[in-house]
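Me: I should like to go through the terms used for this structure and the grounds for each. Please set the values against the criteria.

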Amino acid sequence: MRFLHAADLHLGLRVTRFGSDANGRVQEARLKAVEVMVDQAKARAVDFVLIAGDLFDDNHVDAATSRRALEMLETVNRPVYIIPGNHDPLTADSVFARPPWSMISDGCVRMLRTAEPVSLPGGTLLPCPLFAKNSLDDPTRWMPPRESGDIGIRIGLAHGSLNDRDNLPPDDHLIDRHTVDAKGLDYLALGHWHAPYRHADRNGVVRTVYPGVHEPMRFRESPDFSTGWSAYSNTARTDLFSDDGKGRALIVTIEQAGAPPIIDEIETGRFQWRDESHTLRDEQELSALIDELGHRENQDNQLLRLHLSGTLPASALMRLDELDATLAGGQGGILSRYRWAELDAERLHAEPTDGEIQDLAGSGIVRAVYERLKSEAGSADPQVQSLARQSLLILYRFAKEVRR
Amino acid sequence: MKIRTLEVRNWACIESLILDELHDGIIVLHGPNRTGKSSLVQAIRSCLFDHDHDSQKSVILDASPHKTKAAPHVEIEFEHAGEHYRVSKTFAKTKEGQATLERHGPSGWSVLVRGKDASKRVRDLIGVESSRAGIFQMLWLGQRDFLLPVPREIDPTLAKALESVLGTLITGHDIDFKERLDKACERWFTVKTMKDQKHSPVTRVTSDLDEARARKADIDRQWADAESALKEYDDALARQPELRRNREEAEAEQERVQKECAAVRQHKSQYELTVENLQQSEQLFKQAEQKLSEFDDTARQLESAMQEANNLHLEQCSAQEKRAQALQSAGGTRESAEVVQQQLAQHQQGRAALEYRQRLIANRLEQEAIEGKIHQAEELDDRREELEQKLVGPPVLTDGQINDLRLKRDKASEHRARLAASEIHVSIHAKKPLEVEIASDGEPAGSAVIPVSQERRLLIRQRAEIQIGDLAVIRVGRGKEDRDLEALANELAEIERSLRDTLTGAQLDPNDPTAIDQLASRRLQQEESTRQLKSVRAQIGKAAPSGIPSLHAQLKQKRAEQQTILTRRPELHSWIPDQAEMDRLRFEFDDREGKLKSDAQEAKQMSDRLNESLRQATDAEQTIRTRIAGQLIRVQNLKEIMGRLDRAALAHERDVARARSAEAKRKVEETTLSEAEQAIETQYQNIRTAHAHRAERLRSNEILLAELRVKLAGTEGLHQKRIQAEQAVNDKARELERESLHAQAHKHLKELFEEVRQEQVRRTVGPINDRVMGWAKQLGLTDYSGLSFGNELLPEGLVSDHAADGEPVALDRESYGTLEQLSLLIRLAVGGLLSQDEPAVAILDDPLAHADLGKHRKMLDILARASRGEPHGPHPTGPLQLIILTCHEDRFDYLDGAQQFDLARLIHRGS
């Protein structure tokens, strides 16, 4: 038996940080990643596909997203078993209670709305759909234990937090960590946590698995950066919902009941979420960085946060416009070619040479103003510092302009 | 530099002038207008800096005297940097023209340089190109030069000198930077006040952000509504089974009670029938009882009516008796009244006799009055005649004519006196008898003999010729004929003739000096008589308006009337009319008549009262008669009713009805419903109500579920809308943050620039500001706290603490006089600063022309201080040699230690 295990596709993802165009492209990337996943399922000749909840980011996604998702999954041409997760639970306003999902019947896409065994060729699927965003119940509790004489492969499909650590919120659909052992499962396909995670049974065999997201949805290096998305879980543990920067699904092969599952990862992600820091010591390094950023491939699929630090001559600092002209109130720059980019130059300081300063500011009032701003830029008050730095940039620019 | 000696020859109107031993401080050169003060200043300018000796500039050509055409020559000795120089120029294109610069050394004067080089050397020495450059732009002022130069006209040498002393105020780079910054700031702020622009990007983005937030709040509300609807849906769904169970229970109970109700309804209809029967029986019994009671009432009424009729008969008899008595009393009273009326009529006939007596009395009084009037009128008439007689006499003149006469008389006297005063008296004394022939004033000559020892007097107006025999002819006369005297004599003769004619006409002696007074007196008498006559005529008019004969006619008529009365009443012939007697008779008559009228009135009232009693007695009798008739009819009607009814039959009918009623009552008691039977309907209704409520509740819940399903179905896409709304808020918030930072950074930069610039201004131009403001305070100009400098080292305005907008006040906003004083203060301050190393000369041509006396005096103090300099002050300044040219020397008298020169005296002017 071979199947593809994916979870937490969060189609229609709530991202609000990058501007309307980039936000739309981030959402679109998640749909494109589904196409990759479908292609892989076909290529790897799986028997069926399991989607362990949170196909949609919310029950109120728009009809277009809902319809496109169904259309893509129907192209798999083999059974696709889906359970509702905590982001798209089976409530009265469920996306699955609306067309086209409310009308699917005997196609390949199987929406599992009840907790009852589903027969598989060579085994049984035990689905655990969710009916609310939060619940104190273990969604796998209903599963009957393996009956004696049952030699079929038993696969559980559930969405919730595996109760294998402390400080999990009790209403987060907690799943007993011994479920596989207690229910006689060969594989428990889970969803909910965004980073991949594997849990071994009493015999040390990995049978309980979270595949992670199929498309990354955050900057791995900056956990505090908010894209606008939030989990519908009452947990303070953001790590549960932090992906590792990659999008993937799993191809699982189980030879027979009791055999250890063979788990292969396939990469499905489209966008790269890059958060980079560079320390610059001279203008040459800045030039090299500008050049490198300007010649990177696949810029259209990159979301880039660029942190620059170090000390440069004033003239070099003004070259930052080449990266991001918005710093000076303008438009354009290399970073604008990226799907989305943000330049953080707060820790990049200007240290003009005496000659530079004499040339730029002269010896009159502008020079005195420069000295004052320079002093303010060293202030402990971040507001004063920020204002002074911005004012300095303007001073450099205007002084240079009038020198010409 | 200090000027020590000035020598000018042949310069415009100055033929020659020498001023030597000019000292260090203030030098006042005074003289009236057109003395040559301005020419002198021009001579200094040309000699020291402005013109070469061979210059053909109009200033030089015009300086040459018109008449002599002599070459102008100017020679100036001055000190500079410790050396003593002399520059002398004779301005001419010819050989005569020459220029030399000499320096005084231990061995006397030595020529340093000649010709054009002399001019150049002097300019190099002092460091200026002309007398209007460098420090001299500030200190050498013509008559109308007191305003400060505008920035673009500041001499570069002066600017350079100031910068070398004060430092740089603002560089060109700074100005360009400021302009670029100002331009950039316009995106967000107004240029001058740096207030937010109405349509700045910050405002626009703030507005967009507000809109985005409102939109997001709306979506969030929809989101919360959806969440709430979902919870409501779950709750409603949970209630549904219980609601359904409740309705089914109510349905079962309703069915059971409905069956019980059918049985109770049949019993109830029987009961209602017996109740209806009872009600009818009781009604019949009540009617029978009513009829019997009515019969008994009728019998009682008949008896009462008959008794009433008898009583009325008795009343009728009594009334008839009362009427007979009243009739009798009325008859007696009427007779008494008639007697009294007759007596009254007889008495009133005596009134006519009384009236005749009264008429006799009136007639007599009237006759007496008419006789009195006749007497008075006749006396007045005699008086009138007497006065009229008086008015016929000699002629009388008017007041005007009399005054005219008086004037003529006075004029004649005056003429006579003048003629007398002008007469020449000639007297001839004869020592022996003389025969003389005298001809005077055109009169024919007359001879006369003058005896010995006698004197002959002659009065001559014009001339006289006295021929004394053949001894001599003596001619006496005026040198020139006096025509006035002649005219005067003629006029006098004319006046005297006129006076004489008038007085003679008035029957008076013209020679009588009192004649005119008599005329006046006559005039007064005539006026008095006229007035009296008018008065007498008025009195006659009043006494006898129609004339005296008319009065006599009236008297006659009155006497005839008297005769007529006596004819009618002969008994009055002997009666002497007497009003007192008449009054007594009238009183007695009226008294008697009053008594008779009172008796008649009393008798009439008595008669009226008795007649009223009679009428009342008749009415009472009639009323009783009517009542008796009515009572008899009633008795008749009651008797008829009684005749139609039978009391026994009525009593039987009542007893039967009572028995039937008792029977019906018993049957009602037998069929009455039990309490449970009575409550069954209510119970049924309650159960039905409960069932309806429960059914309704279930239905409502189902409707609610359906509605919520519809509502929840409508939430599709809300997630995406929420994302878009939040994203729009984020976008706008970031844009606002970025735009605000840019705006604030520009503003900060501009504020810093202004702050630094102000500091720079304070530091650089502080010495000028402090010195000028110190002096200005001394002058009494306390409205300003400082000078305002633009981008130049000379001020362009004043800082006022009271200006609402904080903007500086332009200098030319001040009055003409104050502006002149302030400008001079600034010039002196700048001059002082520039003369720290080397004293400077200031030439002020006619300064302070617009200062009032108080300010002028204070300005003199300031001039004195400025000339001394303040080498040890907070901002050290050097001394100034102040050369003041003025036409108001008295105004500059107060300068202690000043050197005064009277140019009017010192300048030799060309003719």
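Me: What makes the pair A:Arg14 and B:Glu726 a salt bridge?

Reply: In this predicted model, the side chains of A:Arg14 and B:Glu726 come to 2.4 Å, N to O. The criterion asks for a side-chain nitrogen of Lys or Arg within 4 Å of a carboxyl oxygen of Asp or Glu. The pair A:Arg14 and B:Glu726 is therefore called a salt bridge.

Me: How many salt bridges does the rule find across the interface of chain A and chain B?

Reply: The rule finds five salt bridges across that interface. The contact takes 51 residues from chain A and 44 residues from chain B, and the area buried between the two chains is about 4000 Å². Carbon and sulfur atoms give 62% of that area.

Me: Which residues of chain A lose the most area to chain B?

Reply: They are A:His60, A:Ile365 and A:Phe398, which together account for 18% of what the chain A side buries.

Me: Why is helix H7 of chain B called roughly antiparallel to helix H13 of chain B?

Reply: H7(B), residues 201–349, and H13(B), residues 579–644, pack at an angle of about 165°, with their axes 6 Å apart. Angles over 145 degrees count as roughly antiparallel, so H7(B) is roughly antiparallel to H13(B). By class, their contact has 29 nonpolar, 16 polar and 14 charged residues. The crossing of H7(B) past H13(B) is left-handed.

Me: Why is helix H7 of chain A called oblique to helix H8 of chain A?

Reply: H7(A), residues 354–361, and H8(A), residues 365–377, pack at an angle of about 125°, with their axes 8 Å apart. Roughly perpendicular covers 65 to 115 degrees and roughly antiparallel begins over 145. The angle of about 125° fits neither range, so H7(A) is oblique to H8(A).

Me: Which residues make the contact of H7(A) with H8(A)?

Reply: H7(A) contributes A:Ile357, A:Gln358 and A:Ala361, and H8(A) contributes A:Val366, A:Arg367 and A:Tyr370. These divide into four nonpolar, one polar and one charged.

Me: What joins A:Pro99 and A:Pro100?

Reply: A cis peptide bond joins them, with omega about 0°. A:Pro100 lies in the loop between strand E3 (80–82) and strand E4 (109–111) of chain A. Most peptide bonds are trans.

Me: What is notable about phi of B:Lys69?

Reply: Phi of B:Lys69 is near 55°, a positive value in a residue other than glycine. Most residues other than glycine have a negative phi. B:Lys69 is found in the loop between helix H2 (58–63) and strand E4 (73–80) of chain B.

Definitions and conventions
Residues numbered from 1 in each chain as written. Chains lettered and ligands numbered in written order. Predicted model: local features only at pLDDT ≥ 70, side-chain atom pairs only at ≥ 80, totals over all residues. Heavy atoms only, no water. Axes fitted to C-alpha atoms, helices over the stretch in contact; angles between N-to-C directions. Helix = DSSP H or I, 4+ residues; strand = E, 2+ residues; numbered from the N terminus. Parallel < 35°, antiparallel > 145°, perpendicular 65-115°, else oblique. Left-handed = near helix turned anticlockwise from the far one by under 90°. Nonpolar A, V, L, I, M, F, W, Y, C, P; charged D, E, K, R; others polar. Contact = heavy atoms within 4.5 Å. Buried area = accessible area lost by both parts, 1.4 Å probe.
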